[in-house]
Amino acid sequence: AMVATRASEERGTAQQVDVAVVGAGFSGLYLLHRLRKAGFSAVALEEAGDVGGTWYWNRYPGARCDIQTIDYSYTFDPELETAWTWSEKYATQPEILRYLGFVADRYDLRRDIRFKTKVTEARWDEKAERWLITTDNGPPVSCRHYIMATGCLSAPKPPEIEGVKEFKGEVYFTGRWPHGGVDLKGKRVAVIGTGSSAIQSIPLIAEQAAHLTVFQRTPNFALPAHNGPAPSDRMSLLKSDRAAYREQARQSMAGVPYPQQTVVSWQLSDAERRERFERAWAAGDLVHILTQLWADQAVDVDGNKIVQDLIREKIRAAVRDPETAAALMPDDHPFGAKRPCLDTNYYATYNRPNVTLVNLRQEPIKAITASGISTSSRSFDLDVIVFATGFDAMTGAIRAVHPITGRDGRSLTDVWAQGPQTYLGLTVEGFPNFFMITGPGSPSVLSNMAVSIEQHVDWVVDRLAALRDAGFTTIEPTETAQAGWSRHMADCSMLTLHRLANTWYTGANVPGKVQGLMPYTGGVGPYRSICDEVVSRGMLGFKLT
Ligand code: FAD
């Protein structure tokens, strides 16, 4: 009774809306726009001081997208598309942030966003059929529907190394880079990590620093970006038939408009394979090289090994010191089973006299001390440590809201104790009127996320409108549907090589995190068809009341 009283009191002072959105990045912005157009009252709650999400937080030197920007954009409004022109093939973080600000202004979104407001808790009130959302700043929000647009890569992973607090120098995280930038000139700098953010920032840090020491646990495959103006062949495809170009992306496997490759590696001679590879390497396009070489590269270890060998050959040629080159060559995962990175001078940076690579597989870090970092065999005196150690991906930001309490007082953390369980990566059984944008179980990080975000937002807002128009007040997936989705996820993952790598896709980068492949590997186009079929078959797998 106490709890019920507290809940109703809080509801009394709460901001009342139809829908509460958490997050004002790519997802949250588009959600607000669509919800308003569908006639819902909505508020977005955002921890940051402004819009942008990923592109608000990640201001490290060299931060860029690695899907071509003409593809990594909103497509819901053709007028928006022609109102904005990207300056480069891969835009920088400041330009993408400007774009998201432009979108927020164009659709007047900021007036419904509460910035500097972190959501701390969410409770489903069974009687009222509403969620009560608690924040750290301002009144709670009472809403019919609760949508987490909190991002797959938004919860930076805390450092796992002892002694960070002892260090007397400066400490930075790529995912929380200071807005004013950092002056590294003349300093002895360490970068810990060699994932995407590290690979983008290392060449620029090396240009400034007196000395840069890179601490590497696992090497990644990196492919040349060949950044510059947007390629004319892609631009003319887009301009000749914008609608068809966008539709091809929506139906594709990765959310980028390329055809399905059908030729298999053994139909090609060595020379033909090399020719294809060299063309792809020169194109400077991640998705091209991931999907267009030969059909078996992503599904068969032998077809994949051919690509790996060709890339390792490129690394050997780029890095002068053979020992450094060897340390930079990934050998523990199939190409593409872990997200490959885009390289702008990355490998070449190791030829600089002021750059040292430390291979942590040979000499693990023992501790961070007052003056620097010591490994099992050496000590490094440092002025600055940069953590490029990645994110608690896909579930980190969702689980950070704690508790999220659904039906019968069950908390999402408990329900997910053995790993995330979802239906379509969008909804969870026992959590009515709760949605996730690009949640675990959807293509999410295995896709061009701009395309996946639009698909999720459209699907959710269309469902909410249909629900309202039919007089329903709650929607929730059935236990059977959720179990079926898990099985389908598992079946799909048996067809790709992702299961053969321990990565942030599987939770392997976070100590103690339950292991399992979190994104849906069946592809963006097939996934969209499934979501549409769920609707056309009378909301298959959902219970509406
Ligand atoms: P985010 O942009 O992460 O926004 C989520 C927002 O929710 C954040 O602003 C966060 O502050 C807020 N939030 C989270 N929890 C709470 C809470 N409890 N209370 C209040 N607010 C909260 N994807 C691609 O497809 N192509 C790329 O090239 C690409 N490049 C990337 C480069 C980097 C450096 C990174 C980190 C990611 C990249 N991504 C890329 C993935 C990128 O995250 C998505 O493309 C997209 O920006 C996600 O948008 P979002 O709105 O879903 O999430």
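Me: How should I read the crossing of H9 and H11, as left-handed or right-handed?

Reply: In general, two packed helices are described by the angle between their axes and the distance between the axes. In this predicted model, the axes of helix H9 (residues 270-283) and helix H11 (residues 301-318) come within 11 Å and cross at roughly 60°, and the crossing of the two helices is right-handed.

Me: Which word describes how H9 and H11 lie to each other?

Reply: Angles from 65 to 115 degrees count as roughly perpendicular and those under 35 degrees as roughly parallel; H9 and H11, crossing at roughly 60°, are therefore oblique to each other.

Me: Turning to the ligand, how many residues surround it, and which are the closest?

Reply: The ligand is surrounded by 33 residues, with Ser27, Glu46, Thr54, Asp66 and Tyr72 as the closest. Sorted by class, this shell holds 16 nonpolar, 12 polar and five charged residues. Helices H2 (26-37), H3 (54-57) and H16 (449-469) each contribute at least two residues to the shell, and H3 gives the largest share, three residues.

Me: Where are polar atoms of the protein found relative to oxygen atoms of the ligand?

Reply: A ligand oxygen lies 2.7 Å from an N or O atom in the side chain of Thr54, whereas for Phe26 the partner is a polar backbone atom, 3.1 Å from an oxygen of the ligand. Met449 likewise offers a polar backbone atom, at 2.7 Å from a ligand oxygen. Of the 980 Å² of accessible area that the ligand has on its own, the protein covers 95%.

Key. Residues are numbered from 1 along each chain as its sequence is written. This is a predicted model: local features need pLDDT of at least 70, side-chain atom pairs count only at pLDDT 80 or more; totals for chains, interfaces and linings use all residues. Side-chain values use heavy atoms; hydrogens and water are left out. A residue is near a molecule or strand if one of its heavy atoms lies within 4 Å of it. A polar contact is a pair of N or O atoms within 3.5 Å; within protein, one must be able to donate a hydrogen and the other to accept it, and residues adjacent in sequence count only if both atoms are side-chain atoms. Accessible areas come from the Shrake-Rupley method with a 1.4 Å probe; for residues, only the protein chains shown count as cover. Helices (H or I, at least four residues) and strands (E, at least two) are DSSP runs, numbered from the N terminus. Ala, Val, Leu, Ile, Met, Phe, Trp, Tyr, Cys and Pro count as nonpolar, Asp, Glu, Lys and Arg as charged, and the others, Gly among them, as polar. Axes are lines fitted to C-alpha atoms, for helices over the stretch in contact, and angles run from 0 to 180 degrees between N-to-C directions. Angles under 35 degrees count as roughly parallel, over 145 as roughly antiparallel, 65 to 115 as roughly perpendicular and the rest as oblique. A crossing is left-handed if the near helix is turned anticlockwise from the far one by less than a right angle, and right-handed if clockwise.
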